[in-house]
Amino acid sequence: MAGEGRKLRVYGMALSANVVRVATVLNEKGLDFDLVPVDLRTAAHKQPHFLALNPFGQIPVLQDGDEVLYVFLFTVLSIIRLKVPRDKPAHRDQVQGGGRRPSAGGGVPAKLEVWLEVESHHFYPAISGLVFQLLIKPLLGGATDTAAVDEHAAALAQVLDVYDAHLAGSRYLAGNRFSLADANHMSYLLFLSKTPMAELVASRPHVKAWWDDISSRPAWKKTAAAIPFPPAA
């Protein structure tokens, strides 16, 4: 847990879905942090002062005093395990949530582990490619690859069909409480909503209801308000 009177530091770009993942969980936990800008467009992530934090030259990085976590493409579960006091299980469960049966390792609910894996292996590969082509690449001055858009959109549609069927019988991904499984999806769902492919969520009633629910959380509104999206054309 961050020491009293000391803020956590998150190194990265505010307009990065993976940085937003970190901010989402920290805000849900009520943990104070500063965002330290690292501009990939100027190769700041390859400079010696940043490589001293993360020798792989990737964002985001989470720093708490002398403790540094490389959290690029991570499961934000590492933050919860390291930054929430072990003597406050109720506080920890507020975000872990969803199911009571512990897994074989670490006491994490099995349903939560399943949906963290689903996000990593199915949801993320499809939606990240789509968001990159439709939102990030144009911001960097590149041209959208329409074939790649079609491929990623088709993959994401299949994934969201599974989500829609699951959410027909469950308010949240890992049970009846908001959990880390839900939080881990929120940044890319928001970024998708800024693209012409937002209909992939809006057209699936249970996915849409879930997104409307989780995106109404006060901590999420704080997170989303800090993202410097460019004005709509």
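**Exercise 1. In what sense do strand β3 (residues 61-64) and β4 pair, and over how many bridges?**

Before solving this, note that the model is predicted, that local features need pLDDT of at least 70 and side-chain atom pairs count only at pLDDT 80 or more, while totals for chains, interfaces and linings use all residues. Residues are numbered from 1 along each chain as its sequence is written, and side-chain values use heavy atoms, with hydrogens and water left out.

*Solution.* Begin with the terms: strands (E, at least two residues) and helices (H or I, at least four) are DSSP runs numbered from the N terminus, and two strands pair if DSSP finds at least two bridges between them. Strands β3 and β4 pair in the antiparallel sense, over four bridges. Within this pairing, the bridge partner of Val61 in β4 is Tyr70, and Asp64 stands opposite Glu67. Two residues lie between the strands of this hairpin, where Gly65 takes a positive phi near 65 degrees.

**Exercise 2. Place β3 in its sheet, and decide whether its faces are covered.**

*Solution.* First, write down the order of the open sheet, which is β2-β1-β3-β4, with mixed pairing. The edge strands, each pairing on one side only, are β2 (33-37) and β4 (67-70). Next, turn to β1, which runs antiparallel to β3 and is joined to β3 by three bridges; here Tyr11 has Val61 as its bridge partner. Finally, examine the two faces of β3: Val61 and Gln63 on one side, and Leu62 and Asp64 on the other, are all buried, where buried means under 20% relative accessible area, exposed over 50% and partly exposed in between, with a 1.4 Å probe and protein chains only.

**Exercise 3. Describe the backbone at Pro60 and at Ala43.**

*Solution.* Pro60 is found in the loop between α2 (48-51) and β3, and the peptide bond that leads from Ile59 to Pro60 is cis, with omega near 0 degrees. Ala43 belongs to the loop between β2 and α2, and its phi is near 60 degrees, a positive value in a residue other than glycine. Because its relative accessibility is 30%, Ala43 counts as partly exposed.

**Exercise 4. Which residues of helix α8 are buried?**

*Solution.* Helix α8 covers residues 186-193, and seven of its eight residues are buried. These are Met186, Ser187, Tyr188, Leu189, Leu190, Phe191 and Leu192.
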